Every structure is written in structure tokens, then in C-alpha cells.
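Let's take a walk through this structure together, stopping at a few places along the way. Keep the 3D view open as you read.

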Amino acid sequence: MRLSIKSALIAASALTLAACGGAGGDSRDSVRVVGSSTVFPFAKTVAENAAISNPGMTAPLIESTGSGGGFQLFCNGVGAQTPDITNASRRMKASEFATCQENGVTDIIEVQVGLDGIAFASAQGGIMMNLTPEIVYRALAAAPYGGEQTTQLWSDVDPSLPSEPILVYGPPSSSGTRDALKELVLEAGCKANADMKALKETDEDKYDQVCTEVRSDGKYVDQGEQDNLIVQKISNNDKSIGVFGYSYLEENADKVQGLPMNGSEPTYENISSFAYPGARPLFMYVKKAHVDAIPGLKEYMAEWAKSWDADGPLAKIGLVASPDDVRAANLAKVTDLTPMTGDELK
């Protein structure tokens with residue numbers, strides 16, 4: 001009975017949305033976008049340009065909620081009381097896709113909008129070191145390789161590093177940047193250890209905890225979903241390091257400097273070639289049920305596709321263009337509105 005009622009409510013919401021551009025009695029005349037703080041500046045620029053390109057269109061509302069928070073809002077259901085799009089600096093998880101399906105968000109269009117890198121940075125003229133995933137893992141893990149975390153100075157991690165206190169400002173657990181930090185850097189540093197590779201085979205939950213849990217003793221400081229605040233923090237303390245999206249490094253090049261990883265600088269070229277270990281794709285997820293009902297949604301999606309080339313307006317503010325074939329495939333998704341399937345996330 002409960003499933004029947006839930007299905008009826010979802011159907012009613014979808015019908016109301018289609019009929020009047022809204023649901024729950026509240027029609028909406030503009031696009032609503034939530035999600036990643038990393039994608040936020042790009043989404044905001046696209047929104048501004050879409051409004052200019054389409055006279056009479058109300059500029060989309062863009063909110064920075066973090067990738068995880070965005071998926072929660074996006075998957076609540078269909079209707080004008082829910083977002084049309086969520087941005088993410090990581091791919092949707094299978095569990096999030098399942099939640100969407102359960103709540104009636106059944107047709108989701110996944111679009112890779114470009115690439116980004118997790119940049120490690122310090123103040124201009126501040127602390128400088130050549131990092132590796134293993135160094136970062138040993139410095140930031142709550143229990144490195146399952147042992148006690150005792151490092152206080154960077155030189156405790158590696159004698160070649162500065163004898164300065166470890167202090168890293170970074171994203172919270174709700175952020176896609178934090179997820180990418182775990183997957184692309186911390187886990188990479190952890191599984192270089194043969195014992196950890198063996199642990200993954202015998203106890204995957206323990207492996208995830210050991211390899212991705214970040215220390216909470218004040219050496220890693222969660223700065224919320226505001227990457228610009230991390231820039232401010234490291235600009236005011238030349239002994240500290242920040243972790244944020246590459247676009248913020250480029251935007252604030254007069255204040256901060258990138259730190260190399262495995263000898264590779266966090267540059268546009270190194271991210272586009274994946275030579276830099278922190279390179280990652282960026283996404284937007286669109287509710288197909290909203291495309292014909294919410295004014296401006298088609299136009300906003302089209303503006304993204306006009307903007308993501310290597311010589312486009314988003315490259316000027318730090319977005320790294322996806323390879324040509326990837327851009328072509330995602331242009332087709334924007335044009336054809338092809339929904340993703342759960343099998344793609346396995």
C-alpha cells in the first residue's frame with residue numbers, strides 16, 4: 001500500500017510539473033542548479049551567458065551545496081520544489097542513482113562538462129615541496145597503514161621535506177573534491193603498500209577506513225564548501241597548504257602557487273593529459289522530466305555545450321576541456337537527452 005501511495009504521489013507531481021511548469025502549487029520560471037563548489041563558477045558563468053544569449057530568459061539560480069549535498073537535493077523527487085540540475089566534481093554513486101529511482105527521478109541525463117584537477121597549493125613565496133600520493137597519505141591519514149598517526153612536521157613524513165608543522169586546509173566530507181582527494185591521492189598512496197593491497201582482498205570496509213579516513217587532530221582543517229576561503233587561509237599563512245579545484249589556483253595565481261605531485265605541476269596541459277595525479281572529470285546531471293517544463297532549461301544546457309571547448313569562455317576561468325571525442329559524445333547527450341542507466345555506474 002505504501003509503495004502505491006508513493007507511486008501515485010510521484011505521478012501526480014510529474015503531471016503537475018508538466019502542466020504548469022511547477023509542482024506543489026509553486027510554478028517556477030527559472031532553472032535551479034545545485035551541487036559542486038568546484039563546478040559552481042563555471043555553472044554561474046554559463047547561467048549569465050545563457051540569459052544574455054536568450055533575451056527574456058530569467059537567469060538560472062546556481063547554488064553551491066557540495067556534490068554530496070547536491071545529489072541529496074536532486075534525488076528528492078521531481079517537481080518545481082526540487083532542483084533541475086546538480087553539478088558534481090565526481091561521478092554519481094550507484095547508491096545515489098538508486099535513491100533517485102526510488103523517489104521518481106527515473107530519467108537522468110549525465111553530462112561530462114570538462115576536467116579539473118585537485119590542486120595542492122601554498123601562498124606565493126610560501127612553503128614549497130614536491131608531493132607524492134604516498135607523502136600526502138602518510139601526512140593526512142587518520143591511521144596510516146593501520147598504525148598510529150604520529151607525524152607533526154612534514155619532515156616527520158619524509159626527511160627531505162621542510163621541518164614545518166603539517167597544516168592543510170581542505171574540503172569537507174560532503175564535497176566531491178574531498179571524494180576525489182580520497183580516491184585519486186590518499187588511496188593511491190595507501191595501496192602502494194603491499195599489506196594494504198592484501199587488506200582490500202580480505203576486508204574492504206577496513207581497507208576503505210584505513211586508506212581514506214582523514215585525521216581529525218587539527219592538522220587537516222575542514223573549510224566548508226567555500227574554496228575561496230581556503231585560498232584566503234593559505235594566503236594569510238605561508239606555512240600552510242590548501243586543497244581545492246585547479247580553477248581556483250588559476251584564478252588566484254597572484255596569491256597562491258601550485259605544488260607539484262610526482263614531479264608534475266598542476267597546469268592545464270598536465271590535467272588535460274592526466275599527467276597530474278589529481279586530474280578528474282566534472283559532471284552535471286539533469287532531470288529529463290524537467291526539460292520541457294522548466295523555462296530556460298534547454299537553453300541553459302545548450303549554453304554549456306557552446307562554452308566547454310578549449311578556446312571557449314570556461315577555459316578562460318580554469319575549466320580544462322575534455323578530449324574531442326568526449327565532448328562530442330556529451331554534446332549528443334545534450335541534444336538527444338539520452339538518459340543514463342544504472343549499469344554505467346557499476
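Keep in mind that this is a predicted model. A good place to start is the link between C75 and C100, which is left-handed, with -75° about the S-S bond. This pair links distant parts of the chain: C75 sits in the loop between α3 (67-74) and β5 (85-88), while C100 belongs to helix α4, and the two are 25 residues apart. Their sulfur atoms are 2.0 Å apart, and the two cysteines form a disulfide. In case the word is new to you, a disulfide is a covalent bond between the sulfur atoms of two cysteines. Both C75 and C100 are buried.

While you're in this area, have a look at E96. This residue is also in helix α4, which runs over residues 94-102. Is E96 buried or exposed? Its relative accessibility is 14%, and buried means under 20%, so E96 counts as buried. Setting aside residues up to four places away in sequence, E96 touches F71, R90 and the C75 we have just met.

How many disulfides are there in total? The count comes to two, and the second one joins C190 to C211, with an S to S distance of 1.9 Å. The torsion about that S-S bond is about -55°, so this disulfide is left-handed. C190 lies in helix α7 (residues 176-190) and C211 in helix α9 (residues 204-212), so the bond ties together parts that are 21 residues apart in sequence. C190 and C211 are buried. If you count the bonded cysteines along the chain, the pattern of the disulfides is 1-2, 3-4.

Now swing over to V31, in the loop between β2 (26-27) and β3 (32-35). Loop or not, V31 is buried, with a relative accessible area of 0%. What is V31 in contact with, leaving aside its neighbours within four places in sequence? The list includes P60, L61 and D84, along with residues from much later numbers, among them I294, P295, L297 and Y300. For a sense of scale, the C-alpha atoms of V31 and S122 are separated by 37 Å, and these residues are 91 residues apart along the chain.

Last stop: empty space. Searching the whole structure turns up one cavity of 30 Å³ or more. The largest cavity holds about 30 Å³ of space. Its lining is made up of F120, L131, V136, L140, W154, V168 and I241. By class, that gives seven nonpolar residues, no polar ones and no charged ones.

Technical notes:
Residues are numbered from 1 along each chain as its sequence is written. This is a predicted model: local features need pLDDT of at least 70, side-chain atom pairs count only at pLDDT 80 or more; totals for chains, interfaces and linings use all residues. Side-chain values use heavy atoms; hydrogens and water are left out. Helices (H or I, at least four residues) and strands (E, at least two) are DSSP runs, numbered from the N terminus. Buried means under 20% relative accessible area, exposed over 50%, partly exposed in between (1.4 Å probe, protein chains only). Contact means heavy atoms within 4.5 Å. On a 1 Å grid over the protein atoms alone, a cavity is a set of points where a 1.4 Å probe fits but cannot get out, and a pocket is an open set with protein on both sides within 12 Å along at least five of seven lines; lining residues have an atom within 4 Å of a point. Grid points are joined across faces, edges and corners, and a volume is the space filled by probe spheres set on the points. Ala, Val, Leu, Ile, Met, Phe, Trp, Tyr, Cys and Pro count as nonpolar, Asp, Glu, Lys and Arg as charged, and the others, Gly among them, as polar. A disulfide is a pair of cysteine sulfur atoms within 2.5 Å.
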